[in-house]
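This report looks at how a chain is divided into domains, what surrounds its ligand, and how its nonpolar core is built.

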Amino acid sequence: MDFALFCTRVDILLLLIALCSPCKFIQSPMDFGPLNFHQTTNTSSLDFGRIVFDSPTAVLRPHSPREISLLLSSLSASSSFNKVTVAARGAGHSIHGQAQALDGIVIEMDSLPSAISIHRGGESGSSYADVGGGALWIELLRESLKFGLAPRSWTDYLYLSVGGTLSNGGISGQTFKHGPQISNVLQLDVVTGKGEQVTCSSTESSELFFAALGGLGQFGIITRARILLQDAPQKVKWVRAFYDDFETFTEDQELLVSMPDAVDYVEGFIVLNEHSLHSSSVAFPSHLRFTPEFHGKGRYRVYYCIEFAIHDHQVESTDVERVATQLLRKMSHIPSHFYSVEVSYFDFLNRVRMEEAILRSRALWEVPHPWLNMFVPKSGIGEFKDLLLDNISPTDFEGLVLIYPLLRDKWDANSSAVLPDGGGRAEEQVMYIVGVLRSANPATCAAQCLQDLLRRHRRVAQAATAPRIGAKQYLARHPSQGHWQDHFGRHWDRFVARKAQFDPLGILAPGQGIFPRTH
Ligand code: FAD
């Protein structure tokens with residue numbers, strides 16, 4: 001379509017919008033030229049958390065980045081829309097309404113073309129994929145595997161959008177080795193809050209590149225990302241080892257992450273009760289002969305499980321067994337309490353999908369999820385674990401508590417992601433991610449109970465972010481700008497300056513609750 005005609009149509013649309021009431025600025029669903037607005041969709045006020053349900057006034061399902069650019073440039077240019085905000089919605093797997101826009105416009109990113117192109121590197125360069133910001137990681141995995149390649153860094157769950165996880169961090173058991181997903185991006189296409197379409201990288205428009213990575217959607221909408229790929233293994237040796245002592249558990253985790261040449265993946269979780277043992281064991285049940293005693297010696301006991309994996313391309317397939325055995329010999333788990341399976345690389349990466357199917361079959365997937373995720377310095381991890389266990393009741397806990405180490409030098413300090421301050425001590429190179437991934441089954445935990453859980457998590461987060469532990473929340477929605485300022489700490493001024501540069505009117509990502517819309 002002719003660009004001038006296109007712009008005229010947008011102008012007319014905006015005129016129509018201006019004629020409507022200030023809040024409900026689009027009265028009914030309409031298909032207006034290339035900008036297809038809908039009044040709402042089933043998903044636009046819904047996310048995985050099921051705690052916040054803010055409805056937009058309109059939903060845009062764009063067919064190209066240019067439509068996003070036209071919308072944002074029109075909104076920034078006209079004073080008639082000084083209340084209108086815009087949120088990109090990837091897969092909507094936020095917990096606290098971060099991809100929602102109360103009375104604003106939600107852009108559903110899955111409508112963008114989903115073509116993925118794969119480039120195999122030779123001696124001259126790395127392999128990479130160009131992928132749309134609204135594509136899901138599972139789609140990228142499927143496409144890249146056709147070329148024997150795969151991204152290096154993952155999240156545990158793959159039905160999340162590329163733009164959504166790159167706006168946060170994107171972490172999993174590979175992060176100790178390759179860094180988070182935001183450390184594995186070569187280039188981005190971003191539409192800024194002013195509507196500019198910019199291609200950026202660490203050397204080209206680098207301020208926008210680093211701002212957008214971990215930037216909580218505040219600076220622009222990621223419409224394409226160039227993701228680093230590596231050769232994909234065929235198979236994965238997946239091992240679990242159990243502990244009854246927290247210090248031994250973390251020492252062994254740190255031992256494993258100190259051996260990136262041998263190990264490809266390290267995670268771990270607290271075994272709070274029978275349920276948490278089995279809800280995280282889809283690939284293992286037939287091997288699990290671990291029947292821990294939770295009520296020993298007059299007090300409740302919890303256990304810990306390390307999970308690590310070795311890819312078969314690291315070493316010859318026949319050697320994988322030998323490497324795993326050598327590693328296990330160096331570890332101090334409960335003697336004989338380790339289990340291993342060999343699975344395809346695809347099934348390993350897609351393991352949470354199997355959990356999802358089970359939870360869906362029990363009507364336990366589409367329930368509220370009061371999650372708490374924290375980065376905790378190594379020096380505070382023991383105290384944090386005690387704080388956490390003081391605040392959860394193991395007997396009725398439904399879900400999983402993940403704990404595993406990450407290495408600070410795998411994160412680029414220029415990105416917008418927030419980590420605990422290192423304190424300048426060498427040991428603080430190690431920090432932990434702790435994820436309290438809790439489900440609140442409405443049958444047993446109704447509205448008041450959910451509020452109690454959220455209050456308890458706030459209490460834990462407040463105590464853990466105090467200087468004594470020095471933790472930082474991940475994926476949080478803080479209640480006020482003052483809280484956000486505390487969260488960003490010494491990086492707040494940089495975050496504010498980036499906002500002023502790329503989205504000065506505060507149009508983008510209102511669901512994060514960081515900046516108000518300005519005129
Ligand atoms: P959305 O919820 O749609 O959006 C999140 C934020 O990003 C919003 O502010 C939105 O406006 C913004 N945004 C979305 N798309 C774009 C874009 N293209 N450009 C700019 N801004 C955008 N995280 C991990 O790090 N590791 C894990 O292992 C992990 N596992 C998870 C498992 C489950 C079951 C769930 C529900 C979440 C998990 N997460 C994990 C958290 C997840 O990474 C974040 O919630 C992420 O935001 C989800 O992506 P999404 O596409 O659903 O984002």
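## Domains and their contacts

Two residues are in contact if their C-beta atoms, placed from the backbone, lie within 7 Å. The model is a predicted one, in which local features need pLDDT of at least 70 and side-chain atom pairs count only at pLDDT 80 or more, while totals for chains, interfaces and linings use all residues. Residues are numbered from 1 along each chain as its sequence is written.

The chain is divided into domain 1 (3-108 + 501-512), domain 2 (117-231) and domain 3 (235-474), with bounds that come from an automatic or database domain assignment. Between domain 1 and domain 3, 5 residues of the former are in contact with 5 residues of the latter. The side of domain 1 that touches domain 3 has 3 nonpolar, 1 polar and 1 charged residues, where Ala, Val, Leu, Ile, Met, Phe, Trp, Tyr, Cys and Pro count as nonpolar, Asp, Glu, Lys and Arg as charged, and the others, Gly among them, as polar.

## The ligand shell

A residue is near the ligand if its C-beta atom, placed from the backbone, lies within 6 Å of that molecule. Of the 36 residues around the ligand, those that come nearest are Gly90, Ser161, Gly163, Gly164 and Gly217. By class, the shell has 14 nonpolar, 19 polar and 3 charged residues, and domain 1 and domain 2 each contribute at least three residues to it.

## The nonpolar core

Val434 touches Met374, Val376, Phe384, Leu402 and Ile403, leaving aside residues up to four places away in sequence.
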